[in-house]
Amino acid sequence: MDRHIDTTCVQGGYTPGNGEPRQIPIIQSTTFKYDTSEDMGKLFDLEASGYFYTRLQNPTNDYVAAKIAQLEGGTAAMLTSSGQAASFFSVFNLAGAGDHVVSSSTIYGGTYNLFAVTMKRMGIDFTFVPPDCSDEELHAAFRPNTKAVFGETIANPALIVLDIERFARAAHAHGVPLIIDNTFATPVNCRPFAWGADIVVHSTTKYMDGHGAGVGGCIVDSGRFDWMSHADKFPGLCSPDESYHGITYAEKFGNAGAFITKATAQLMRDFGSIQSPQNAFLLNLGLESLHLRMQRHCQNALAVATFLSTHDQVDWVSYPDLPGDKCHALAQKYLPHGSCGVVSFGVRGGRKAAENFMKHLRLAAIETHVADARTCCLHPANATHRQMNDQELKACGISPELVRFSCGIEDAGDLIADIDQALAANR
Ligand SMILES: *Cc1c(COP(=O)(O)O)cnc(C)c1O
């Protein structure tokens, strides 16, 4: 049945039978009992589906993953211990030593490090392209050994909206899938599969959890990429896996299940980046109100951005929903109901003025976090990027006066009053 996404937030993924718990049960068990070794053997051969060890699969996690798959309109999903693990698995499930990946340059800093430093050490090469590059530049980034394209719906912290359709077209023209990090938009505001993306990843730590309670991640497969028609590019999916009795994932599980089954059977088995069932339960509580919170996050952010845009102690404001923002047209296309709750702006007077502003905030908390029910903010020049001088900051697109302000779901008037009194301290 085709339900509205708001209903899926509340009820998706888990449907109790007669007399069963209304809330998703937390299956706090590392292992599962079987009557015969033959029964268990079938699970190890991927001949039957079922649970035998929580490092690979756990019912609580699967209920929550199923909800996120429904929210994104995908065919299969898996939870991971963090967003970083989700990004890593999504690429490593397709590419290995000697392969190459094209990525948008405006991605989360942690993802950039993962790609440019750690995965490079594993022998995977990345080419970073600006999201607004020309089609020629985009196509020129591909090589014969390119295995995927990666981008973020709304980049953290640059707040650049990706032209998903254009990146999907380019990926498909070169026979590879598009992976989208949809953390900031959430499926409530954007469903990348509708625009041609093939795989979606999330840091569920952000809006999906929404209450700063648990670090987590998720990978969702659209089920639409036809692996077998690009079998030469994806031997891991399209030829026998010797570590699983010669199973060929794309044959046995089809386009709908191959990607997530391989990620579970190989990557979770070997790397073990599982989400604890407790955290999955907390994540689901967050998902139950995601549709309501996103609406409020966006309303508050637009009110704050509008207020900042005429303030005499503010040099510039970046927020995709603000008319005149460089990404406004893309936001109207991909995020018609609002983008996210994060606003960046430049405090007039540079690094010292930004520091002073932060010091005077009373309601907004200084945190290395975003996308929380409680308003929080960060001055990158003084925190995540504090080793850099002003010149180095500029080179990576972060100016010394930049403040990343993550609007929570409090009252917009209270947030604005707090910002106003803190900016007044700079006069
Ligand atoms: C936070 C974040 C990540 C990393 O997620 P963790 O859960 O912290 O590992 C990845 N992508 C985006 C867009 C993020 O904001």
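Student: Which residue of β12 is the bridge partner of Cys376?

Tutor: In β12, the bridge partner of Cys376 is Ser406. This is a predicted model, in which local features need pLDDT of at least 70, side-chain atom pairs count only at pLDDT 80 or more, and totals for chains, interfaces and linings use all residues. Residues are numbered from 1 along each chain as its sequence is written, and side-chain values use heavy atoms, with hydrogens and water left out.

Student: Why are β11 and β12 called paired strands?

Tutor: A strand is a DSSP run of E with at least two residues, a helix a run of H or I with at least four, and both are numbered from the N terminus. Two strands pair if DSSP finds at least two bridges between them. Strand β11 (residues 376–378) and β12 have three bridges, so they satisfy this rule. Their pairing is antiparallel.

Student: How do you know that β9 pairs with β12 as well?

Tutor: Strand β9 (residues 342–347) and β12 are joined by five bridges in the antiparallel sense, and therefore the rule for pairing is met here too. Ser406 is also the β12 bridge partner of Val342.

Student: Why is β12 described as mostly covered?

Tutor: A residue is buried under 20% relative accessible area, exposed over 50%, and partly exposed in between (1.4 Å probe, protein chains only). In β12 (residues 402–406), five of five residues are buried. Leu402, Arg404 and Ser406 point one way, while Val403 and Phe405 point the other way. In a regular strand, side chains alternate between the two faces of the sheet.

Student: What makes Met388 partly exposed?

Tutor: Its relative accessibility is 27%, a value that lies between the two cut-offs, so Met388 is classed as partly exposed. Met388 lies in the loop between β11 and α15 (390–395).

Student: Why does Cys377 form no disulfide?

Tutor: A disulfide is a pair of cysteine sulfur atoms within 2.5 Å. The closest cysteine sulfur to that of Cys377 belongs to Cys376, at 7.2 Å, so the distance is too far for a bond. Cys377 has a relative accessible area of 0% and is therefore buried.

Student: Why is Cys407 without a disulfide?

Tutor: Its closest cysteine sulfur, in Cys340, is 9.1 Å away, which is too far for a bond. Cys407 is likewise buried, at 0%. By the rule, the count comes to zero disulfides.

Student: What makes β1 and β3 edge strands?

Tutor: Seven strands form an open sheet of mixed pairing, in the order β1-β7-β6-β5-β4-β2-β3. β1 (76–80) and β3 (125–129) each pair on one side only. β1 and strand β7 (residues 217–221) pair in the antiparallel sense over five bridges, and Ala77 has Val220 as its bridge partner in β7.

Student: How do you know which residues bring α4 and α10 into contact?

Tutor: Contact means heavy atoms within 4.5 Å. By this rule, Phe88, Phe89, Ser90 and Phe92 in α4 meet Phe259, Leu267, Met268 and Phe271 in α10. The contact has seven nonpolar, one polar and no charged residues. Here Ala, Val, Leu, Ile, Met, Phe, Trp, Tyr, Cys and Pro count as nonpolar, Asp, Glu, Lys and Arg as charged, and the others, Gly among them, as polar.
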